Amino acid sequence: MRILSGIQPSGKLHIGNYFGMMKPALELQEQGEAFLFIADYHAMTTVSNADQLRQGVRDVALDFLACGLNPEKTAFYRQSDVPEVTELTWLLSVITPMGLLERCHSYKDKLAKGIAPTHGLFSYPVLMAADILAVQSDIVPVGRDQKQHVEVTRDLAIKFNLAYGETFKVPEPSIRESVAVVPGVDGQKMSKSYNNTIELFAPEKETKKKFMRVVTDSRTLEEPKVPEECNVFALYRLFATDAQREEMAARYRAGGLGYGTVKAAAFELMMETFAPFRKKREELEKNTDYVEEVLRKGAARARDEARRTLKTARRAVGLE
Ligand code: ADP
Ligand code: TRP
């Protein structure tokens, strides 16, 4: 089984990214042949500063390696080191119906946030399809907001195969429904673009402040509370064991528990969970040659697959 996912280097990674995409993808690396990449071509749809893009790529590389990416098992690479995906994007573009892209929520959401409506932003899902189809991935672990893009990929693979003959494997999205949407400190979906994130590797003090700022309802300390409706509980449960989660839920329902207590507990659990990752990240920061080497080897592996796929696709359409 082949597994592929990617993430944009467009800002500091946060716990929504971690639980929605990184952790599931890192767990899947044990179950098959995994490909994970840093989507720098995609990030160019929103990042127009060269230094910021370079810094973003470096941060994502460190974050993934610190959080347990095993470069022996997973081909970890920069998207732009596999330029075959851009050629494949064109081969897919010419069969992509405008309507399919016009229906994509992500494009509309980004316009609503004030991002410039460029051709690149609009055709973004076709580049994403090329990423996935280039390595003939079976499974694509993503958060719920990316499901539609994987469906677009499936449509394009099926359409291409019908038009030109069997060329691409049709991939399946893999979504953890239990953590499909991690709330941000304001209760909306946690997202780099909403300024409501809890970053994975921010200084401890800053992280604590973020937890303390998470919005809650105005029930008093004595009142019984509803864990299922509480943003703080939604964050706490991500880090808690089943037993801890049940115990905390019972304390909510019983009353006499203040939100401040839960916020502090959630923060402590996050720090505990991330302590080994923080240590690893500090070590990696001093060893940039190693990080570069991992990305170089990963790209060679992915490029091998992409070249093979592109060759078949070029033949199928009549370019060779
Ligand atoms: P952001 O919204 O912060 O810009 P991206 O859109 O770059 O995040 O998403 C990267 C990956 O992380 C995707 O697979 C996405 O589904 C997942 N993800 C992002 N935010 C969340 C969240 N709040 N809850 C769950 N998964 C998320
Ligand atoms: N669009 C994804 C996001 O914003 C990133 C991405 C690009 C991706 N190409 C991909 C994810 C291929 C999975 C597979 O999160």
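A residue is taken as buried when its relative accessible area is under 20%, and as exposed when that area is over 50%. I use these cut-offs throughout the entries below, and I note at the outset that the model is predicted.

**Entry 1. The whole chain**

I first looked up burial and found that 51% of the 320 residues of the protein chain count as buried. I then turned to overall form. A compact globule of 320 residues would have a radius of gyration near 20 Å, and the 21 Å of the protein chain agrees with this. Along the principal axes, I recorded a span of about 75 × 45 × 35 Å for the C-alpha trace.

For secondary structure, I noted 14 helices and five strands. I also checked how far along the sequence the contacts reach. Among contacts between residues at least 6 apart in sequence, 78% join residues at least 24 apart.

**Entry 2. Surface and charge**

The protein chain exposes about 15,100 Å², and I noted that carbon and sulfur atoms supply 50% of this area. I found 45 positive and 44 negative side chains, with the centres of the two sets 1 Å apart.

**Entry 3. Domains**

I looked up the domain assignment, which gives two segments, 2-181 and 288-317, to domain 1 and residues 192-282 to domain 2. To the contact between them, domain 1 brings 20 residues and domain 2 brings 17 residues. I recorded 31 Å between the centres of the two domains, taken over C-alpha atoms.

**Entry 4. Helix α8 and the loop after it**

I examined the cover of α8 and found 11 of its 11 residues buried. Among them are Y124, D131 and L133. Just after α8, Q136 takes a positive phi of about 55°, although Q136 is not a glycine. I placed Q136 in the loop between α8 (124-134) and β4 (139-141). Is Q136 buried or exposed? Its relative accessibility is 15%, so I entered Q136 as buried.

**Entry 5. A second positive phi**

I found that N195, also not a glycine, has a positive phi near 55°. N195 sits in the loop between β5 (172-174) and α10 (204-212). Its relative accessibility is 74%, and I therefore entered N195 as exposed.

**Entry 6. A157 in helix α9**

I located A157 in helix α9, which covers residues 147-164. A157 counts as buried because its relative accessibility is 0%. Which residues does A157 touch, not counting those up to four places away in sequence? I listed L133, F168, K169 and V170. Of these, I followed L133 further: A157 and L133 are 24 residues apart along the chain, and their C-alpha atoms are separated by 7.5 Å. L133 is itself one of the buried residues of α8.

**Entry 7. M271 in helix α13**

I located M271 in helix α13, residues 259-285. With a relative accessibility of 10%, M271 counts as buried. Leaving aside neighbours within four places in sequence, I found M271 in contact with E204, T207 and R278. I also looked up the separation of M271 from K208: the two residues are 63 apart in sequence, and their C-alpha atoms are 9.4 Å apart in space.

Notes
Residues numbered from 1 in each chain as written. Chains lettered and ligands numbered in written order. Predicted model: local features only at pLDDT ≥ 70, side-chain atom pairs only at ≥ 80, totals over all residues. Heavy atoms only, no water. Helix = DSSP H or I, 4+ residues; strand = E, 2+ residues; numbered from the N terminus. Buried < 20%, exposed > 50% of the residue type's maximum accessible area, 1.4 Å probe, protein only. Rg over C-alpha atoms; globule rule 2.2 N^0.38 Å. Contact = heavy atoms within 4.5 Å. Areas by Shrake-Rupley, 256 points an atom, 1.4 Å probe, with all protein chains shown as cover. Lys, Arg positive; Asp, Glu negative; His and termini not counted. Charge placed at Lys NZ, Arg CZ, Asp CG, Glu CD. Domains from an automatic or database assignment.
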